[in-house]
Amino acid sequence: MLELREITKRFAGVPANDRVNLTVAPGTIHALVGENGAGKSTAMRIAYGFYGADSGEILVEGRVHRFTSPHDAIRLGIGMVHQHFMLVEPMTVAENIVLGLEPGSPFALDLKSAEARIRALSDELGLAIDPTRRIEDLSVGQQQRVELLKALYREARLLILDEPTAVLSPQATAELFTILRRMRAQGKTIVIVTHKLSEVLDISDEVTVMRDGRVVGHRRTAETNAAELAHLMVGRDVLLRVVKPAAQPKAPVLGVRGLAVTFKGGEKRLDGVSFEVRAGEIVGIAGIEGNGQTELVEALAGLTEGGAVSGTIELDGRSVAGLSVRQRRALGISHVPEDRHRRGLLLDFDLQENAILGADDRPPVAVGPGRFWLRRDEIRRKTEKILAAFDVRPPDPERPARALSGGNQQKLILGRELDLQPKLLLVAQPTRGVDIGGIEFIHRRLVELRDAGCALLLVSSELEEVTALADRLLVMRRGRIVAEVDPETTSMEEIGLLMTGGSAAA
């Protein structure tokens, strides 16, 4: 159905794709995997006409084609569903789907015929989407189905899906996979770009692995396993599971009682949240994104903007209400934010400057009256220690933070926060955008921190991650904690039901 031959693409002289060869058989689900920067998204954007290749050929059904834009790919039956949905929220499903391809005349839009066709497509694949509903009223999983319908409405026979399960609950993921298998049975061809090896093994027929801009392996899925694929991706053996001894929790470090965050108009993002985190344990928060997890972590860190915080937050029995971020950090609260660019780094500052953020008033970095003097030699020594301990590459203290990959930026932030030797670590989305080798490293360091006696509150949209790391798991929905479960004895399906409003089996 699709073949890439010797595709090469450079950005500013740096190769993103280096003689990439890829063959996708018709009527199959083909997974494309690799670490961050491996070149897989670039290759698929070339296949969709979003980028032009510097050299090489694209063949669709055996014929060579030159793409100058996505319109060329769409005309040949290729559609792409991006990780971040491209939908206009105030508009209806039908209006989004026909956007740019409006039926009728310039003077009379024939939306009714479009709605009928969309409804027929939805029924054919069991998507259960009402074309008259507004996008803003749909769940994330339903919005993704709209993106699928948008491609199918344009008669796509080959669908490229970029990280299709990144924000889906386990139930929504299972439903998506059912739909994809149904599409395959109808003769559609699907390419999935993903980093989740368990899903690759579950849904795909074939898998291609990329590393450093090149294809390093191709396997029939039935003839491979996660360990082999991980080795191909990273170039070495990777520990795919979290190994941790049983927790030995001690006294409570964090105590939260009746915490609420209310915005203008009375909208409550957090509503009566109560829990505690003890020294030597990881407490995980599970929930579909947008259900109060961000507001919870930011309220604890002292970062809430535009909202009124009420309730009690105590660290070692002492209230931290009204304390600034810097004051909370001085008491032993460290924070790895979910948005590392907005909250975690000054991207145009170098690694030395970023390594002392929040600790620039502490010795030995700061000295003298009022600790206003910064010692450059100590800053460099501290930075080099963090870069070495957390394997930040390249380990150049004078390099701007913007020049690091996402995974290395994350390791820099984690190193800085752990260097403060916190009593409590608030860590949100610890491995978002991090490749499989970096994930293994970060997980190991979090467990080591727990075993050293730190209290950790972990928020992750990756349910597999939060259940593997957490010693206790709290489930959040609509700003409230709706359940506490044991991640070792509670199934992913039960947790998913609690996240979406169901109830766990007895």
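Select Gly49 to begin: this glycine comes after helix α1, and its phi is positive, near 85°. Bear in mind throughout that the model on screen is a predicted one.

From Gly49, step back into the helix that precedes it and select residues 40-47, which make up α1. Because six of the eight residues of α1 are buried, the helix is largely enclosed by the rest of the structure. The buried positions in α1 to highlight are Lys40, Thr42, Ala43, Met44, Ile46 and Ala47, a set in which a lysine is found beside residues such as Met44 and Ile46.

**The second largest pocket**

Next, select Tyr48, Ile74, Leu99, Lys150 and Arg154, which lie nearest the centre of the second largest pocket among the 23 residues that line it. Colouring α2 (70-75), β6 (78-81) and α5 (140-153) then brings out the elements that give two or more residues each to this lining. The volume of the second largest pocket comes to about 630 Å³, and its lining, sorted by class, is made up of 13 nonpolar, five polar and five charged residues.

**Two cavities**

The structure holds three cavities of 30 Å³ or more, and two of them can be visited here. For the largest cavity, with a volume of about 60 Å³, select Gln293, Thr294, Val297, Glu298, His335, Pro337, Glu338, Asp339, Arg343, Ala428 and Val459, which together form its lining. Which helix gives the most to this lining? With four residues, helix α9 (residues 293-301) does. If you colour the lining of the largest cavity by residue class, you will find four nonpolar, three polar and four charged residues.

For the second largest cavity, which has a volume of about 40 Å³, make a new selection of Ala31, Pro164, Thr165, Phe177, Ile192, Thr194, Glu199, Val200 and Ile203. Here it is helix α7 (residues 197-203) that gives the most to the lining, with three residues. The classes for the second largest cavity are six nonpolar, two polar and one charged, and Glu199 is one of the residues in this lining.

**Salt bridges**

Over the whole structure a search finds 46 salt bridges, of which a few are worth displaying as sticks. Begin with Lys268 and Asp271, whose side chains meet in a salt bridge at 3.8 Å, taken from N to O. Are these two partners buried or exposed, or somewhere in between? Asp271 has a relative accessibility of 22% and therefore counts as partly exposed, and Lys268, at 45%, likewise counts as partly exposed.

Move on to Arg326 and Asp360, a salt bridge in which the closest N and O atoms are 3.5 Å apart. This pair links distant parts of the chain, since Arg326 belongs to helix α10 (residues 325-331) while Asp360 sits in the loop between α12 (351-355) and β19 (366-367), 34 residues apart. Arg326 is partly exposed, with a relative accessible area of 40%, and Asp360 also counts as partly exposed, at 27% relative accessibility.

For a network rather than a single pair, select Lys244, Arg450, Asp451 and Asp471, which are linked by salt bridges.

**Helix α13**

Finish at helix α13, selecting residues 376-389, in which Arg380 and Glu384 both lie, four residues apart, about one turn of the helix. An α-helix has 3.6 residues a turn, so residues three or four places apart point the same way. The side chains of Arg380 and Glu384 meet in a salt bridge, at 3.2 Å from N to O. Arg380 counts as partly exposed at 30% relative accessibility, as does Glu384 at 38%.

The last selection is Glu378, which is also found in helix α13. Why does Glu378 count as buried? Its relative accessibility is 15%, and the cut-off for buried is under 20% relative accessible area. To see what lies against Glu378, display Pro364 and Val365, with which it is in contact once its neighbours within four places in sequence are left aside.

Technical notes:
Residues are numbered from 1 along each chain as its sequence is written. This is a predicted model: local features need pLDDT of at least 70, side-chain atom pairs count only at pLDDT 80 or more; totals for chains, interfaces and linings use all residues. Side-chain values use heavy atoms; hydrogens and water are left out. On a 1 Å grid over the protein atoms alone, a cavity is a set of points where a 1.4 Å probe fits but cannot get out, and a pocket is an open set with protein on both sides within 12 Å along at least five of seven lines; lining residues have an atom within 4 Å of a point. Grid points are joined across faces, edges and corners, and a volume is the space filled by probe spheres set on the points. Ala, Val, Leu, Ile, Met, Phe, Trp, Tyr, Cys and Pro count as nonpolar, Asp, Glu, Lys and Arg as charged, and the others, Gly among them, as polar. A salt bridge is a side-chain nitrogen of Lys or Arg within 4 Å of a carboxyl oxygen of Asp or Glu. Buried means under 20% relative accessible area, exposed over 50%, partly exposed in between (1.4 Å probe, protein chains only). Contact means heavy atoms within 4.5 Å.
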